[in-house]
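Subject: Structure handover

Hello,

Here is the structure for your set-up work. Please have it open while you read the notes.

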Amino acid sequence: MGENATSLPNTSLQGKKMAYRKVNADQRTQGHAQYLDNDDLQATTLELEWDMEKELEEPGFDHFQLDGTVDHHSGNSQNTNIDLEPIQPSASPKGRFQRLQEDPDYVSHYTRPAPKSKRCNFCRIFKLFCTVLILFIFGILIGYYAHKKCPPSPTPSEPSDPHFYHDILKEIKAENIQKIFRDLIQLPRKEEDTDIAMKLLVQWTSCGLEDVQLVNYSVLLDLPGSSSNTVTLKNSGECFYPSGQKCYRETKKLHSQDLLYSYAAYSAKGTLEAEVIDVQYGTVEDLVLIQAMTNVTNKIALLKLGQSPLLYKLSLLEEVGFGGVLLYVDPCDLPKTQNLSDKAFMVSLNNGGDPSTPGYPSIDGNYRQNRSNLTSLLVQPISALLVKRLVSLPEDRSKSDGCIPLKLAMTEKRIISLNVQTVPTYKTISNVIGYLKGSTFPDRYVIVGSHHNSVYGYSGQEWASSTAVITAFIQALMRKVKRGWRPDRTIVFCSWGGTSFGNIGSYEWAEDLKKVLQRNVVAYVSLHNPVRGNSSLHPVASPSLQQLATERQSLTCLGKMKCPGSNVSSVQMQGDSDYFINHLGVPTVQFSYEDIKTESPSFLFEALFPAHNTVTEELDPLFNLHETIAKLTGEVTLQIASEPVLPFNALDIALEVQNSLKGDQLDTRQLLAMASRLRDSAELFQSDEMRPANDPKERAPIRVRMLNDVLQGLEKNFLVQQAPPGFYRNILYRLDEKMSQFSVLLEALEHCKLHQSNETLQAALSKVLNSINSAQVYFKTGLDVFETAFAGKK
């Protein structure tokens, strides 16, 4: 200890005398006896005390703090605790020495660190408290103004609330649809398809739709030539245009566009001189009867439109050897409100898509086939007025008890020269595609489709009507979106181009995205020509959507005079839903107003008559019918896009299959047995899986997703590989309401009469059997997956 004291430098003492006195032994506690008896420990303690005192005397002691100081508590020599408190100058580390305060300044100088340390701690705590308080107040202000400007997101239960739909649908108003419609028909009549599509893109974007795209395709169109097609009577030499007007130069200049566009797109080209043979509607029975009476090779058939698809009837005429066709609509088949006897029309012989790229999209680099003629027949649509001149009947003939159908007398022989000329041309057609992304299932699409532009005024009012309705729906929907709402599934709004030439725009887009659409599309909602008449509402839906369409129709149309219409049926419909039904197996629904005669044949809609500028406003002057269609379409779309479980009825598909096998024309016992098993599986699926999933208390997200995947793919089982021309590949759809059985079976039965063979019938029976079996296995597999997936959890 002495050596250590002498070794300290004098400068460290700062001229002050330090005196130490030993603590009296009597003051030591009993617990410290062991330390006092230990000389080594005492020496160590004195050395530590001296070193510490030396540090206290050095400058900067105000900031001194001893790390690692050990405090031995009384009665426990083995227990040590870390003491991080500042060293007090009045006590030694072990409590064995006390400082002799000889210098009065010493106390005032060395007692400052403790209060200063406490003040520093207090300042730090106070600063921290102020910082947290400021941040807290600032956070409250940000949250308040953010909440004020951005309304809260809707709760998951909101879509099931009927008021949720009403908030959107009440924004759809007739006067708004009328305004949009009038703006559209003001566009130049000869404006290109792409120009109109660009205007729609701007309009949809201004509504607030986030992602709107213009998708262009270069496709092969069959356009009329510079002069109109003609029909010349050989016995008199009289020349007529398709409308029935004589071939005078003045007549040619009058309504030249209507004359030019009275043709059949993709028909064969050339001139044919031959006898005209009346085949009426061109059914198999008609053709069998005519073949028994005369040779029809290279003759010209006088054919009525209706009863079955035009492409199917043309295939039969081509099969038996005809060389040309004069096509017309019998006035007796039209409603009395439509006087079209002096008008010719346009038809397309294209079954769908760009003829030069069948089955694949028309994108750069793809091979283009030379398919400007889709039939070997020369086909020319003509007016009923020209038919009357061909059959030598007075133009105005009526009967007190009703209309007399047109018919050429069997004794009369008419030879004509038919001249058909068209020009195949590659043109750019445009689709407008707008996306409203879903919040929960953005990879599932509900497509709402309309079409824009037509062939130089042909059905021009109809496309404007269709586009006005879908635009009004977008406007109403986006107002709700701006307030924070979103549908669960993505809604895709589509305005198709090239519809009049065979649904080209929708086919090309769907072929381009086929793999994505096969997996993601949930449903297609069609707005093709929503107001074609004003007599009755005509809803069409696939079997899985019939119940939803019926419910929406009854609720929306409550109290409206003209709203109740026919029962919802699954029949073939016109428009761009074709690809989604026949190639993707997507459930589809469509609402429209029509003037339908109960006894009139179907498929008259295949004729595209020129429409004058006021036809739509004559049918619906206040646009109330347009408003009804918009609200029906909107509510169905919202329900499909927002319900947790897709509103599809699996059991209705099984019931539709059973009903389509009734009748005594065919032996369907094996099919009925298979259909019965399908119904049993559907009932089990409906009760065990769909019913619990519709209960919010039992609804599990993974179960709902699996269930929706099964429902989404149901109708794909009923797609046959090949169907007769003009028939749907989806066999769940019938040709018309009058037909109760599968269309492919009835067609095969009729075809047997023409060829005296049952091979076609056996092939059709196999197609139907395989479809039913596929659906039954699909249901059973779905049930097995559910049972396996949730067996462990149960």
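The notes below cover a seven-stranded sheet, a strand with its partners, and a helix pair.

This is a predicted model, in which local features need pLDDT of at least 70 and side-chain atom pairs count only at pLDDT 80 or more, while totals for chains, interfaces and linings use all residues. Residues are numbered from 1 along each chain as its sequence is written, and side-chain values use heavy atoms, with hydrogens and water left out. Helices (H or I, at least four residues) and strands (E, at least two) are DSSP runs, numbered from the N terminus.

Sheet

Seven strands form an open sheet in the order β5-β15-β17-β16-β18-β20-β19, and the pairing is mixed. Two strands pair if DSSP finds at least two bridges between them. The edges are β5 (211-224) and β19 (536-541); each has a single partner strand, so one side of each lacks a neighbour in the sheet. On average, neighbouring strands here are turned by 20 degrees against each other, direction ignored.

Within this sheet, β18 (residues 521-526) and β20 (residues 588-594) run parallel and are joined by three bridges. Ser526 stands opposite Gln590 in β20.

Helix α20 (residues 624-642) lies across β16 (441-451), β17 (489-496), β18, β19 and β20, and runs at about 170 degrees to β20. Helix α23 (residues 701-712) also packs on the sheet, where it touches β16, β17 and β18, and its direction makes about 35 degrees with that of β16. Contact means heavy atoms within 4.5 Å. Axes are lines fitted to C-alpha atoms, for helices over the stretch in contact, and angles run from 0 to 180 degrees between N-to-C directions.

Strand β14

Five of the seven residues of β14 (residues 414-420) are buried (under 20% relative accessible area, 1.4 Å probe, protein chains only), so this strand is largely enclosed by the rest of the structure. Strand β6 (residues 230-233) runs antiparallel to β14, with four bridges, and Thr232 stands opposite Ser417. Strand β9 (residues 270-280) is also antiparallel to β14, with seven bridges; there Thr271 stands opposite Asn419.

Helix pair

The axes of α12 (residues 310-320) and α24 (residues 743-755) come within 13 Å and cross at roughly 15 degrees. That makes the two helices roughly parallel (under 35 degrees). Tyr312, Leu316, Glu319 and Val320 in α12 meet Glu747, His751, Leu754 and His755 in α24.

Regards

How values were computed:
Angles under 35 degrees count as roughly parallel, over 145 as roughly antiparallel, 65 to 115 as roughly perpendicular and the rest as oblique. Buried means under 20% relative accessible area, exposed over 50%, partly exposed in between (1.4 Å probe, protein chains only).
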